[in-house]
Amino acid sequence: MRVKFYLRLRLSFLAIVSAMSSSVGQGNQDVLPKLQEISEASSKVMNSISILSDVYGPRFLGTPNYYNAVTWAEKELKSWGINKVYTASFDNSYKGWTAERFSVDMIYPSTAALQIYPMAFTASTKGVQEGEVIAIKKYSDVYALKGKMQDKIILLEGYYRPNASIYGPMTKTFGEAILDKARANPDPNDLIIGYHSRRSILDVFDFRSRTKEARTQFFEFCKSEGVLAIIEPSNSPYGIIHADGNTSVPSFHRKSDIAPLPTFSMSNEHFGRLIRLMNLGYLPKLKINLETTFYNNPEYNINLIADIPGSDPILKDELVIIGAHLDSWHAGTGAVDNASNCGVVMEALRLILNSNLKPKRTIRMVLWGGEEQVFSGSSHYVNTHVANLKTGEPGDQKDKISAYLNLDNGSGMIRGLYLMGNEKVKPYFAQYLAPFEESQALTIQYANQTDHEIFDFVNVPGFQFIQDPLDYISFIHHTNMDVFEYVSKDAVVYNSILLAYLAYQIAQEKQLLPRNTYSFQTPSLEGNTTFELDGFTDAKKVFLVGNFNQWNMISTPLLKTEKGWMTKIELPKGKYVYKFIVDGYWTNDPKTPKNELVKDGLGHGGLTVKYVD
């Protein structure tokens with residue numbers, strides 16, 4: 001792991017840049033040393049992280065812990081001299097939840113205290129309960145057990161994958177070989193580094209809704225049959241409890257949702273023991289207890305916003321936004337995910353202010369709430385101020401945001417940026433990051449599963465940073481190991497300086513950073529070039545992908561017609577290649593003879609050539 005990170009400034013480069021006249025932003029050789037000097041003298045980032053996690057963690061949606069964390073951060077920012085600090089509601093009938101006391105013990109065939117953590121939004125037991133376990137491979141299995149589940153505890157065996165010893169390092173950093181591969185990636189849809197590739201945020205909302213509907217039916221049936229509790233296995237090793245709403249039990253976070261039966265995540269090893277006992281012919285009996293509290297306080301569901309106002313009379317109404325989500329899951333204290341990055345964005349704002357920098361545009365910091373519950377805070381902000389996620393209708397900030405920069409991949413050192421298919425911003429970030437020798441990896445690849453993708457979806461430049469993975473996904477992400485001890489101090493101090501510098505440089509640009517082309521929420525019907533797909537009338541969604549829209553899988557939708565699908569877009573004169581995505585499947589144009597389909601040499605095949613004169 002890299003622990004000595006002090007900036008290797010390329011002073012000769014900066015001197016050249018300061019004398020340049022270019023469409024790309026002007027460098028300032030005085031800015032970075034100022035930021036670094038203030039950081040070294042008075043960094044507050046680790047103190048902020050400790051208070052947010054040790055005092056107020058976990059900061060679960062709709063709870064007093066989350067609200068009190070917002071209140072503390074608001075006061076702290078004001079004490080630093082940041083005067084414009086305020087909260088904004090994102091409440092949409094969300095409820096909060098905490099687990100007060102819980103335990104699961106095996107009482108037959110021997111006694112043992114089992115390692116567990118309750119799943120969010122599940123109901124309490126009615127005091128201490130005892131029952132035998134039964135195992136099911138899939139959810140539908142319960143319906144064949146009608147009349148046989150009274151006072152039973154269901155094990156979700158279908159999710160169980162036995163863990164084994166891990167050979168090799170448990171904490172990783174990115175080597176230059178993989179970063180070089182990411183830099184050279186020609187297709188933004190390829191998952192070279194990171195965790196999640198391209199998808200539609202509307203599909204995410206729809207998937208969660210459908211999953212919750214199916215699970216509601218399951219839980220209601222189990223309740224009617226007298227089931228005491230549900231237990232799923234943790235997929236983490238070495239007794240670590242992974243407890244979130246991304247596996248068996250989605251987040252029932254709205255007031256109108258049910259409170260599922262008491263449900264627990266159990267350590268992989270203890271769950272395996274119960275399964276092995278059953279295979280040996282024993283029927284383990286468990287004693288369980290769970291006490292939970294629900295909250296219905298709309299005032300808890302708020303984002304925290306802080307501004308350093310712009311100094312330019314014309315550009316001051318435009319925004320550079322930096323952000324991180326403040327909420328966390330409930331098994332740990334949310335130190336790494338995501339207090340570490342909340343501390344970074346707060347510190348970046350402090351460094352800019354204390355350096356007496358006067359950004360031309362307003363630099364806005366946002367700590368989002370409810371990111372873990374399907375981006376509740378950021379999606380409300382975007383829907384309200386940026387653009388309607390369904391229709392694309394612009395809001396008051398759509399044409400005023402130059403960029404949104406997001407941190408949410410653990411506490412590892414920033415190594416570069418996911419450009420989200422936007423080649424046009426590459427020269428800007430190449431120049432901005434030039435002084436940071438460890439952080440110059442720029443990949444065209446998409447990165448998702450966090451707040452920046454809401455901005456990107458409505459074609460506002462939204463970016464996620466590439467960060468060294470360390471042990472984020474392998475041990476910490478959404479587990480009881482998400483605690484202060486695993487925050488990388490050197491990295492978060494470094495990241496604070498980099499983020500402050502980057503936000504300031506973007507704020508000084510003559511123009512907003514360039515957007516992606518051919519990005520629409522609804523089908524475009526204006527332009528000099530028509531694309532038609534005959535048939536597929538039973539399809540739900542069809543998108544156009546090609547070298548003109550950077551192979552963006554969701555940015556160019558087609559309109560359903562009597563014969564099939566169509567769209568019109570404006571293309572400059574030239575040669576283009578394309579195909580369609582029909583309900584998620586890449587599909588060549590059936591009007592093109594197979595012997596005329598081509599490859600582009602970049603991994604795309606089955607393409608149709610189109611010339612625009």
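Which residues of helix 9 (residues 376-386) are buried? In this predicted model, they are Ser-376, Gly-377, Ser-378, Ser-379, Tyr-381, Val-382 and Val-386. Their cover includes helix 6, strand 10 (302-308), strand 11 (319-325), strand 12, strand 13 and helix 11 (452-457).

## The sheet with strands 10 to 13

Strands 10, 11, 12 and 13 belong to an open sheet of eight strands. The order is 1-10-12-11-13-16-14-15, and the pairing is mixed. Strand 1 (84-89) and strand 15 (441-443) are the edge strands, and each pairs on one side only. From one strand to the next, the twist averages 25 degrees.

Within this sheet, strand 11 and strand 13 pair in the parallel sense over five bridges. Ile-321 has Tyr-404 of strand 13 as its bridge partner.

Two helices lie across parts of the sheet. Helix 8 lies across strand 10, strand 11, strand 12 and strand 16, and runs at about 150 degrees to strand 11. Helix 5 (residues 176-184) lies across strand 14 (414-418), strand 15 and strand 16 (462-467). The angle between helix 5 and strand 15 is about 40 degrees.

Helix 8 (residues 335-354) also meets helix 2 (residues 31-42). Their axes come within 9 Å and cross at roughly 115 degrees. The crossing is right-handed. Helix 2 contributes Leu-35, Ile-38, Ser-39 and Ser-42 to the contact. Helix 8 contributes Arg-350, Leu-351, Ile-352 and Asn-354. Arg-350 has a further role in the picture: its charged end sits over the ring of Trp-80, 6.0 Å from the centre.

## The sheet with strands 2 to 9

Another open sheet has eight strands in the order 3-2-9-5-6-7-8-4, again with mixed pairing. Strand 3 (112-114) and strand 4 (116-118) stand at the edges. Each has a single partner strand, so one side of each is left without a neighbour in the sheet. The twist averages 35 degrees from one strand to the next.

Strand 5 (residues 129-136) pairs with strand 6 (residues 152-156) in the parallel sense, over five bridges. Ile-136 stands opposite Leu-156 in strand 6.

Helix 6 (residues 201-224) lies across strand 5, strand 6, strand 7 (229-233) and strand 8 (263-266). Helix 6 runs at about 130 degrees to strand 7. Helix 7 (residues 268-279) lies across strands that include strand 2 (96-108) and strand 9 (285-295), and runs at about 110 degrees to strand 6. Elsewhere, Arg-215 lies over the face of Tyr-139, at 4.0 Å from the ring centre.

## Aromatic pairs

The model has 29 aromatic pairs. Two edge-to-face examples are set out below.

| Pair | Centre to centre | Angle of planes |
|---|---|---|
| Trp-368 and Tyr-404 | 6.1 Å | 70 degrees |
| Phe-531 and Tyr-578 | 4.9 Å | 80 degrees |

What parts of the chain does the pair of Trp-368 and Tyr-404 tie together? Trp-368 lies in strand 12 (residues 362-368) and Tyr-404 in strand 13 (residues 401-406), so the pair ties together parts that are 36 residues apart in sequence. Trp-368 is buried at 0% relative accessibility. Tyr-404 is buried too, at 0%.

The pair of Phe-531 and Tyr-578 links distant parts of the chain. Phe-531 is in strand 17 (residues 529-534) and Tyr-578 in strand 21 (residues 574-582), 47 residues apart. Phe-531 is buried at 1% relative accessible area, and Tyr-578 is buried at 5%. Both rings belong to one aromatic cluster, together with Tyr-518, Phe-548, Tyr-576 and Phe-580.

## Backbone details

Tyr-518 of that cluster has a positive phi of about 60 degrees, although it is not a glycine. Tyr-518 lies in the loop between helix 13 (489-507) and strand 17. Tyr-518 counts as buried, at 11% relative accessibility.

Met-420 also has a positive phi, of about 55 degrees, and is not a glycine. Met-420 is found in the loop between strand 14 and helix 10 (426-432). Is Met-420 buried or exposed? Met-420 is buried, with a relative accessible area of 1%.

Two peptide bonds are cis. One joins Gly-57 and Pro-58, with omega about -5 degrees. Pro-58 is in the loop between helix 3 (45-55) and helix 4 (64-79). The other runs from Asp-337 to Asn-338, with omega near 20 degrees. Asn-338 is found in helix 8.

Key. Residues numbered from 1 in each chain as written. Predicted model: local features only at pLDDT ≥ 70, side-chain atom pairs only at ≥ 80, totals over all residues. Heavy atoms only, no water. Pairing = 2+ DSSP bridges. Helix = DSSP H or I, 4+ residues; strand = E, 2+ residues; numbered from the N terminus. Axes fitted to C-alpha atoms, helices over the stretch in contact; angles between N-to-C directions. Contact = heavy atoms within 4.5 Å. Phe/Tyr/Trp six-rings, centres within 6.5 Å; stacked < 30°, edge-to-face > 60°. Buried < 20%, exposed > 50% of the residue type's maximum accessible area, 1.4 Å probe, protein only. Lys NZ or Arg CZ within 6 Å of the ring centre and 35° of its normal. Left-handed = near helix turned anticlockwise from the far one by under 90°.
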